[in-house]
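Me: I have a few questions about how the labels in this model are earned. Please show it first.

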Amino acid sequence: MSQNSIALIGYADRWSARPGDTIAFKVSSRSDEPYRARLVRVISGDPNPAGPGIKEVPVAADFEGSWPSRAQDAALGSYARIQGASLKAEALTVSATVWPTLPGRSEQGIVSWLGNTGGLALLLDGERGASARVATAQGPATVAVGKPLRSRAWYKVWASVDPRSGAVRVGQRALEPLAVADDTGTASATVGAPTCAGDGELLVGALGGAPVGGHFNGKIERPAIVRGASSSDGPLPGEPPSGAEVIADWDFSLEIPSLKVVDVGPNGWHGELVNLPTRAMKGSNWSGREQCWRHAPAEYGAIHFHEDDLHDCGWETDFAFTVPHGLRSGAYAVRLQCGEHEDMIPFFVLPPRGSRRTPVCVLIPTFTYTVYGNYARGVTNDEYRARARAWGARDATPDDHREYGLSTYNFHTDDSGIGFASQLRPVLNLRSAFLGYVDPSGSGLRHFPADTHLLDWLEAKGYEFDVVTDDDLHREGHDLIASYRVVLTPSHPEYHTENTLDALRRHLDDGGRLMYLGGNGFYWRVALSDAVPGAIEIRRGEGGIRAWAAEPGEYYNAFDGEYGGLWRRNDRPPQRLVGVGFSGQGHFVGSYYVRAPGADDPRAAWIFAGVPDRILGDFGLSGGGAAGFELDRVDFRLGSPPNTIILATSERHGDTFMVVPEELLTHLATWPGEPPDALIRSDMTFFETGRGGAVFSVGSITYCGSLSHNGYDNNISRITRNVLDRFLDPAPFET
């Protein structure tokens, strides 16, 4: 159990809802006093005193008032749980094939049903190597090989016990032995009155206890139990046990997209996975002939377990809220307070199904929020804390609080990349007033608080709008946005599924308008599963600005079996949808755009009505400028429509900026043939689509941070308003 050290924190069981839907809120308060809860509509989440500030509107809610405090904690670590496994007090052997990633750690359960009165555990015990632990009348007895295993190497491990003779044997065998490594061996001992009987819960990937502990780090393949005390290591990896009476034989190559583990033995002791270990992992028998697990599932029979995996905290519900009819669509939050401590739990209210009150909707990038959830950036230093105190910003960051798991931009403790992210846990950076960076020229906001820059601007300019989320767009498809004339994105809609891209494509094909007001959008492919609610999967496949790299042969998602990685690698580069795609990245610094000749094109001159300036956006709350941090550019070879007009192009981004790896062929040559420095730019663009639609793209993450400058009266604000007003006009665009 990972004890939560945050005094007041919570989460919701869903991030979006419609009128009539109910959201459950789960709170941990370590105080002896009750906490208070109330509802607000969120307009601005920027605590910078030089900006619009925190803006919220109180909303009446039936849960408003005091609630009793209680502490709730999270149990990290993944494993497979098999319930109802009944093992007799007889001679038997348990075996598995393993690929340890932290072999120096002690007490790592591989297969265990060890209880107070009986049972056996096959475990990895640090320098002692493979070990067998069996219950006896005098307490647990352990026999160990005494040789450490190598990291990221395959071994067959086994343990056997004979209650009649008291003989306990354990062994390990390297499948690819090295002459310089003494890592194969066996050990045996006689212990008094051992009993390996068990009737209840059997675990794979953990030792047991309450809460479950002794988690294994690494891959486990084909665990099995056979009758009889064998002195050998049994069948070859990936093969079912033979020559002995099988009691259980778990084949992890079956039901890969699910949380099920399947026992192909005679007893059918099927189980379930807890805390989302990684499936579709290549096993010890991977030949390399197939890269997709769907084509050779028998070669993907391993599961990678981690001691810090987390899916669902499983907290008890404190109170629930049924969204009332008539509550306007928007961003909301439950505000919690207990003494000097406070927290907020954001969620998004969609309009009633089948209706809208406005032709405008903002597509909230909850996929991106989830994937970046609890991102430990390594920025929480004294300067950061001083800024947070001065602005009244949040002082709890994932750098200091890892008890709720980290993001897919971080690594597990075994240095493997985190491939799953969950909404069913407290997400510290999904809060107003959360600082992503100490920004000398602005607020340093990312994701949800940064995206309120757009919501605040829409409110300030008097626009009515609905919000929808990409979670909902994935599940409902184009019907969710079919009635809207204009869809706007905030700063960073990076992660998408095939369903969301198809829905946006159809929106444009049917004459809709799209305003892409961010950067590095529509970049990575993610997968969802109805069998695993609240979770998103990402495979960091070949190419792209990657926080980590997937292992060779493990680029295909477990959830949907599709090729992961960049949408560009799936032949759907962002340029095909919005005209621009990710091209360069640097520090969180903003520059400006320079007006291009395309701004005077008669097709687009209306965009610059009332904007005579040549320099655009040399100001703002995100890095100090409208063009910065992550930049998108036009590329006709990648699918920018031939009628794309470049309205403005950014410049002077500084030495910290680099070209994204997928553009580089050598250290000198790039895929489009331009010099590398020429690709470090943001292109502001416009093009018409079929049936009277159009797309406006800004290609910069920091753009929305400039909207409120000078009381919302500036050239970036004016350009955005010109575009939105024309996009709201039902008159079709001509192609």
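Me: What makes the side chain of serine 591 a polar contact partner of the backbone oxygen of glutamate 651?

Reply: This is a predicted model: local features need pLDDT of at least 70, side-chain atom pairs count only at pLDDT 80 or more, and totals for chains, interfaces and linings use all residues. Residues are numbered from 1 along each chain as its sequence is written, and side-chain values use heavy atoms, with hydrogens and water left out. The serine 591 side chain reaches that oxygen at 2.6 Å. A polar contact is a pair of N or O atoms within 3.5 Å; within protein, one must be able to donate a hydrogen and the other to accept it, and residues adjacent in sequence count only if both atoms are side-chain atoms. So the pair qualifies. The same side chain reaches the backbone oxygen of arginine 652 at 3.3 Å.

Me: Why is serine 591 called buried?

Reply: Its relative accessibility is 7%. Buried means under 20% relative accessible area, exposed over 50%, partly exposed in between (1.4 Å probe, protein chains only). Therefore serine 591 counts as buried.

Me: Why is tryptophan 457 called buried?

Reply: Its relative accessible area is 0%, so the label fits. Among its contacts (heavy atoms within 4.5 Å), leaving aside neighbours within four places in sequence, are Tyr463, Leu707 and Tyr712.

Me: How do you know that the buried residues of helix 2 line one face?

Reply: Tyr384, Arg387, Ala388 and Trp391 are buried there. Seen down the helix 2 axis, they fall within an arc of 100° (directions from the axis to the C-beta atoms), so they line one face. The face turned away carries the exposed Asp382, Arg389 and Ala390.

How values were computed: Helix = DSSP H or I, 4+ residues; strand = E, 2+ residues; numbered from the N terminus.
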